[in-house]
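This report looks at how the chain is divided, at one pair of strands, and at the enclosed spaces in the model. Please keep the sequence and the structure in view while reading.

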Amino acid sequence: MTEHRPRGLHGQTVETLAARIVSGEWGEGTVLDLPALREELDISLTVLREALKVLAAKGMIDARQKRGTFVRPRERWNVLDADVMRWQTAASGNPGLFDELTEVRTVVEPAAARLAAARASDEDLTALRKALDAMAAADDPDASVEADLAFHRALMTATHNNFLRQVERVLAIGLAARDELVHSTRGSDDPVPSHRAVLDAVAAGDPAGAESAMLALVAKSHDDLDRARG
């Protein structure tokens, strides 16, 4: 996976502030000392305010008269925002994040596989097969992660449902973090058979079989994660 590199001082400031929030360094209700932050980060008040606007738009902070700028409860964050997902997977402040991700995948991906089995075009099947071939040929963790993401992206595309394709973009961030952890562990299980079972059912036009295969894949994925976490 390509490491995210924020652009410019504004982007760096957003990343710095977000990291402190998601890690728990600044817990719920923490009031931010803006003059001290401006001095610590050696930035202008304009840059700081613009960065805070970004975090406010994502539901992570709020500002009130007489109270100041403060961190909002985690349940008020826009967790479907791609940046918020990325920040959380990069931090250790929410150890249950991967478990929540598995719950969402269990709801979304089997239904997506069912739709894909009913709607996949020849082009969709080609993309799925290409991703599976790349998964089988992967000889390092980065290649394994990229191939896995490509497979799940192709599956969501095969649903021909624009809402599901948008959901995939968010899930992919958490899935990538999960994959990096699992595939960097020695002796991790071969992911190809479980993905091949999904592809075979989709290619056969078997919605029930595709749904069942994806349920098994997500369950295996979580088991692999548990082993990687020790």
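## Strand pairing

Two strands are taken to pair if DSSP finds at least two bridges between them. In this predicted model, strand S1, residues 61–64, and strand S2, residues 68–71, pair in the antiparallel sense, and four bridges join them. One of the residues involved is Asp62, whose bridge partner in S2 is Phe70.

S1 and S2 form a hairpin with three residues between the strands, and in this hairpin Lys66 takes a positive phi near 75°.

## Division of the chain

The chain is divided into domain 1, which covers residues 9–76, and domain 2, which covers residues 95–229. Taken over C-alpha atoms, the centres of domain 1 and domain 2 are separated by 35 Å.

## The largest cavity

How many cavities of 30 Å³ or more does the structure hold? There are three cavities that reach this volume, and the largest of them has a volume of about 130 Å³. Its lining is made up of 17 residues, of which Arg178, Pro191, His195, Ser221 and Asp224 are the closest to the centre of the cavity.

The elements that give two or more residues to this lining are helix H7 (141–158), helix H8 (162–183), helix H9 (192–203) and helix H10 (207–229). The largest share, five residues, comes from H8. When the lining of the largest cavity is sorted by class, seven residues are charged, six are polar and four are nonpolar.

## The second largest cavity

The second largest cavity holds about 60 Å³ of space. The residues that line this second cavity are Arg105, Glu109, His152, Met156, Glu168, Leu171, Ala172 and Leu175, and the elements that give two or more residues to the lining are helix H5 (97–119), H7 and H8.

Which helix gives the most to the lining of the second largest cavity? With four residues, H8 gives the most here, just as the largest share of the lining of the largest cavity comes from H8. By class, the lining of the second largest cavity divides into four nonpolar residues, one polar residue and three charged residues, while the lining of the largest cavity has four nonpolar, six polar and seven charged residues.

Notes
Residues numbered from 1 in each chain as written. Predicted model: local features only at pLDDT ≥ 70, side-chain atom pairs only at ≥ 80, totals over all residues. Heavy atoms only, no water. 1 Å grid on protein atoms, 1.4 Å probe; cavity = no way out; pocket = protein on both sides within 12 Å on 5 of 7 lines; lining within 4 Å. Points joined across faces, edges and corners; volume = space filled by probe spheres on them. Nonpolar A, V, L, I, M, F, W, Y, C, P; charged D, E, K, R; others polar. Domains from an automatic or database assignment.
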